[in-house]
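Subject: Structure handover and notes

Hello,

The structure we spoke about is below. My notes follow it; please read them alongside the coordinates.

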Amino acid sequence: MRKLAKASRLVLHAPWRHALFAHRVAASIEHAPLAGLIQPLTVLDVGANRGQFALWARSVWCDARVIAFEPLASEAEVFERVLPDVTLHRVALGEASGNATIHLSARRDSSSLLPIGPEQIRIYQGTEEVGTVTVPVHRLDEIVEDTVSPTLLKIDVQGYELWTLRGAKRLLADIAWVYVECSTAELYVGQALRSELTSWLGKHGFSETATISDRGVQADVLFSRAM
């Protein structure tokens with residue numbers, strides 16, 4: 001029923017309908033509560049996958065510039081077909097530059113720079129590792145010089161959130177909101193859990209504002225810069 005309701009909403013909006021039927025990409029309308037809370041002029045979409053979040057963001061924040069990051073070639077190619085006018089960097093983001101191994105999941109959006117853990121496979125069946133690939137890694141601070149404020153940093157990188165944030169310490173001073181997928185259980189080996197991410201962001205001037213989507217072991221959490 002929930003999937004049917006989402007499909008019904010997607011087909012009512014022309015860009016979303018085209019992306020769904022032409023490229024099998026569904027805009028991430030589950031993030032809709034964000035639209036009533038923030039109004040960014042720059043959106044940094046880290047872990048862009050095939051453009052699901054960027055597609056939604058472009059429709060609700062029409063004046064915002066979206067800059068996206070996706071290291072997997074197969075997903076990046078779809079993103080560029082869906083959103084040809086959005087800047088996409090085909091890199092992973094981390095604490096240091098170099099090359100790293102991504103653990104490919106049978107569901108590509110569950111792939112990670114961290115090994116896929118047994119809890120991930122148990123809870124989300126069909127996400128087991130099916131291979132690896134080497135990708136370039138950069139710090140966000142190296143790629144983005146500055147942004148038009150206010151800026152939203154969205155991070156969905158399957159357990160690699162803390163390393164992504166550590167590579168963006170300079171840019172964080174210009175960011176108003178961090179929207180990050182947090183976990184309360186170790187789904188990827190060595191990942192930082194929600195409490196650690198909350199503590200780290202607190203030390204850098206952010207406090208938790210809202211939980212947008214709570215799926216039990218995982219949630220999409222909005223952090224805002226303290227005024």
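Helices (H or I, at least four residues) and strands (E, at least two) are DSSP runs, numbered from the N terminus. This is a predicted model, in which local features need pLDDT of at least 70 and side-chain atom pairs count only at pLDDT 80 or more, while totals for chains, interfaces and linings use all residues. Residues are numbered from 1 along each chain as its sequence is written, and side-chain values use heavy atoms, with hydrogens and water left out.

Overall

The protein chain has nine helices and ten strands. Its radius of gyration (taken over C-alpha atoms; the globule rule is 2.2 Å times the number of residues to the power 0.38) is 16 Å, which agrees with the value near 17 Å for a compact globule of 227 residues. Along the principal axes, the C-alpha atoms fill a box of roughly 45 × 40 × 30 Å.

Buried residues (under 20% relative accessible area; exposed is over 50%, partly exposed in between, with a 1.4 Å probe and protein chains only) make up 50% of the 227 in the protein chain. The exposed surface of the protein chain (Shrake-Rupley method, 1.4 Å probe; for residues, only the protein chains shown count as cover) is about 10,500 Å², and carbon and sulfur atoms supply 52% of it. Among contacts (heavy atoms within 4.5 Å) with a separation of 6 or more, 64% are between residues 24 or more positions apart.

On charge, Lys and Arg count as positive and Asp and Glu as negative, with His and the chain ends not counted; the place of a charge is NZ of Lys, CZ of Arg, CG of Asp or CD of Glu. By that count the protein chain has 23 positive and 26 negative side chains, and the centres of the two sets lie 5 Å apart.

Glu 129, Ser 111 and Gln 158

Glu 129 belongs to strand S6, residues 129–138. It counts as partly exposed because its relative accessibility is 37%. Not counting residues up to four places away in sequence, Glu 129 touches His 103, Leu 104, Ser 105 and Ile 116. With His 103 there is also a side-chain polar contact of 3.0 Å (a pair of N or O atoms within 3.5 Å; within protein, one must be able to donate a hydrogen and the other to accept it, and residues adjacent in sequence count only if both atoms are side-chain atoms). Arg 107, 22 residues from Glu 129 along the chain, has its C-alpha atom 8.9 Å from that of Glu 129.

Ser 111 is in the loop between strand S5 (98–105) and helix H5 (118–123), and at 11% relative accessibility it counts as buried. A polar atom of the Ser 111 side chain lies 2.9 Å from the backbone nitrogen of Ser 105, and one lies 3.0 Å from the backbone oxygen of Arg 108. Beyond its neighbours within four places in sequence, Ser 111 is in contact with residues including Leu 72, His 103 and Gln 158.

Gln 158 itself sits in the loop between S7 and helix H7 (161–166). Its relative accessibility is 8%, so it counts as buried. Its phi is near 55°, a positive value in a residue other than glycine.

Other backbone geometry

Arg 24 also has a positive phi, about 60°, although it is not a glycine. It lies in the loop between helix H2 (14–23) and strand S1 (42–46), and its relative accessible area of 69% makes it exposed. Ser 149 and Pro 150 are joined by a cis peptide bond, with omega about 0°. Pro 150 is in the loop between H6 and strand S7 (151–155).

Asp 141 and Asp 174

Asp 141 is part of helix H6, residues 140–143, and is buried, with a relative accessible area of 11%. Its contacts more than four places away in sequence include Gly 167, Lys 169 and Arg 170.

Asp 174 is in the loop between helix H8 (169–172) and S8 and is partly exposed at 36% relative accessibility. Leaving aside neighbours within four places in sequence, Asp 174 is in contact with Thr 147, Ser 149 and Thr 151.

Helix H3

Which residues of helix H3 (residues 52–60) are buried? They are Gln 52, Phe 53, Ala 54, Leu 55, Trp 56 and Ala 57. Their cover includes H2, S1, strand S2 (65–69), helix H4 (73–82), S7 and strand S8 (177–183).

Regards
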